[in-house]
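Dear colleague,

Please find below the structure for your review. My notes on it follow directly after.

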Amino acid sequence: MLRKAFILVSACLVVSAAKLPKLVLDDGYRVVGGEVAKNGSAPYQVSLQIPGHGHNCGGSLLNSRWVLTAAHCIVGHEPTNIQVLVGTNSLKEGGQLYKPDQLFHHNYASPEFRNDIGLIRLKEEVQFSEIVQSIEYSEQVVPANVTVRLTGWGRTSADGSVPTLLQSLNVVTLTNEDCKAKSLYPEHVDVGHLCTLTRSGEGACNGDSGGPLVYEGKLVGVVNFGVPCGLGYPDGFARVSYYHDWIRTTMANNS
C-alpha cells in the first residue's frame, strides 16, 4: 500500500485479464509508512482476484450480496473474470472465494477518473462470521483535517511486490480546494472526490484501488488514484456520500 515514487497512476490502470502481469507476493512484514492490519480489524475488506493472476483490487462488503469498489477495477471485465476473496488478511491462505453475477458502474469517465465507483453483485450470499462482516456506508460529508483509515494490499513501492498481509494506514482528509492546490493534476479532482494526504512515502498505491477509506466506523471513500504515487501529493477517493443515492438505488433495483 505504502510506497516510494510512482509516476504512473497505477491505481487507475484498466487492463484486460489477458494482459495482467502476475503479481509477486512479499512475505515481509515491514511496509514503508504503514503496518500489518490486525486479524479481523477490517472484516469488510475483500480482494478482487483475476483467476490465474491473483489480487488486482480491493473492495468492501456492503451486505451479503454486494461489494463496493472502483469502476476502473471492473470496467472491461466480465463477471466470470473476477473472483471475490473474503474473510482473510492473507493473500496466500484462508478465506472464501465468491463469484459475481453482475457488475455496475455509474457513468465512469476515464482518464479523468470521474464517477470511479462500481458495484459487484455476488451469485450467492456471503456467510458472515467474526472475520467476515459488512460495513455501513456514510451519507454524510466527511470534514477536512480528520483522521481516516485506509486498508489494502497495494504495492509497497512503485515497482515492488504486493504484500502477503493486509496493510493499514491512518491518513488525514483535505478540502477539495487544498487537494487541487497540492495536486499535480488538479483537473482530476471534482465534487465526487475525497482527498487525503499525510507525508511523502505514505498513501495508496497499485493494488489498493477500489479499497475502503473508513471514518468513525463507516465507509466514506473508495480508492481512485494517486498522481504520482508516494511523492507527497494527495490521493483521491470516490466520495461515498456523493454517490449514496446511486449505491442505494442500484442495489434496490437489482436485488
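I begin with H193, a residue of strand β13. The model is a predicted one, and every value given here was computed from it. H193 has a relative accessible area of 1%, and because buried means under 20%, H193 counts as buried. Leaving aside neighbours within four places in sequence, H193 is in contact with F113, N176, H188, N224, F225, F237, A238 and R239. A further pairing concerns R114: H193 and R114 are separated by 79 residues in sequence, yet their C-alpha atoms are 8.2 Å apart in space.

Strand β13, which spans residues 193-196, also holds one end of a disulfide, namely C195. The partner of C195 is C179, with the two sulfur atoms 2.1 Å apart. C179 belongs to helix α1 (residues 176-182), so this disulfide links distant parts of the chain, its two cysteines being 16 residues apart. Which hand does the disulfide of C179 and C195 have? The torsion about its S-S bond is about -65°, and the disulfide is therefore left-handed. Both C179 and C195 are buried.

How many disulfides does a search of the whole structure find? The search gives 2. Besides the pair just described, a disulfide joins C57 to C73, with an S to S distance of 2.2 Å. The link of C57 and C73 is left-handed, with -85° about the S-S bond. This pair, too, links distant parts of the chain: C57 sits in strand β4 (residues 54-61), while C73 sits in the loop between β5 (66-69) and β6 (83-86), and 16 residues separate them. C57 is buried at a relative accessible area of 4%, and C73 is buried at 2%.

Two further residues deserve a note.

The first topic is Q45, which is found in strand β3 (residues 45-50). Is Q45 buried or exposed? With a relative accessible area of 3%, Q45 is buried. The side chain of Q45 makes a polar contact of 2.6 Å with the side chain of T151. When residues up to four places away in sequence are not counted, Q45 touches G58, G59, L85, T151, G152, W153, L166 and P212. T151 thus appears both in this list of contacts and as the partner in the polar contact.

The second topic is L62, located in the loop between β4 and β5. L62 counts as buried, at 10% relative accessibility. Residues that L62 touches, beyond those up to four places away in sequence, are L68, L119, S134, I135, Y137, L219, I247 and M251. L62 and Q133 lie 71 residues apart in sequence, and the distance between their C-alpha atoms is 8.6 Å.

Finally, a word on confidence. The chain averages a pLDDT of 86, and 85% of the residues score at least 70. Over residues 2-32, however, the pLDDT is below 50; in the model this stretch has 97 contacts beyond near neighbours in sequence.

To recapitulate, the two disulfides are C57 with C73 and C179 with C195. The buried residues discussed above include H193, Q45 and L62.

With kind regards

Methods: Residues are numbered from 1 along each chain as its sequence is written. This is a predicted model: local features need pLDDT of at least 70, side-chain atom pairs count only at pLDDT 80 or more; totals for chains, interfaces and linings use all residues. Side-chain values use heavy atoms; hydrogens and water are left out. A disulfide is a pair of cysteine sulfur atoms within 2.5 Å. Helices (H or I, at least four residues) and strands (E, at least two) are DSSP runs, numbered from the N terminus. Buried means under 20% relative accessible area, exposed over 50%, partly exposed in between (1.4 Å probe, protein chains only). A polar contact is a pair of N or O atoms within 3.5 Å; within protein, one must be able to donate a hydrogen and the other to accept it, and residues adjacent in sequence count only if both atoms are side-chain atoms. Contact means heavy atoms within 4.5 Å. pLDDT is the predictor's confidence in each residue, from 0 to 100.
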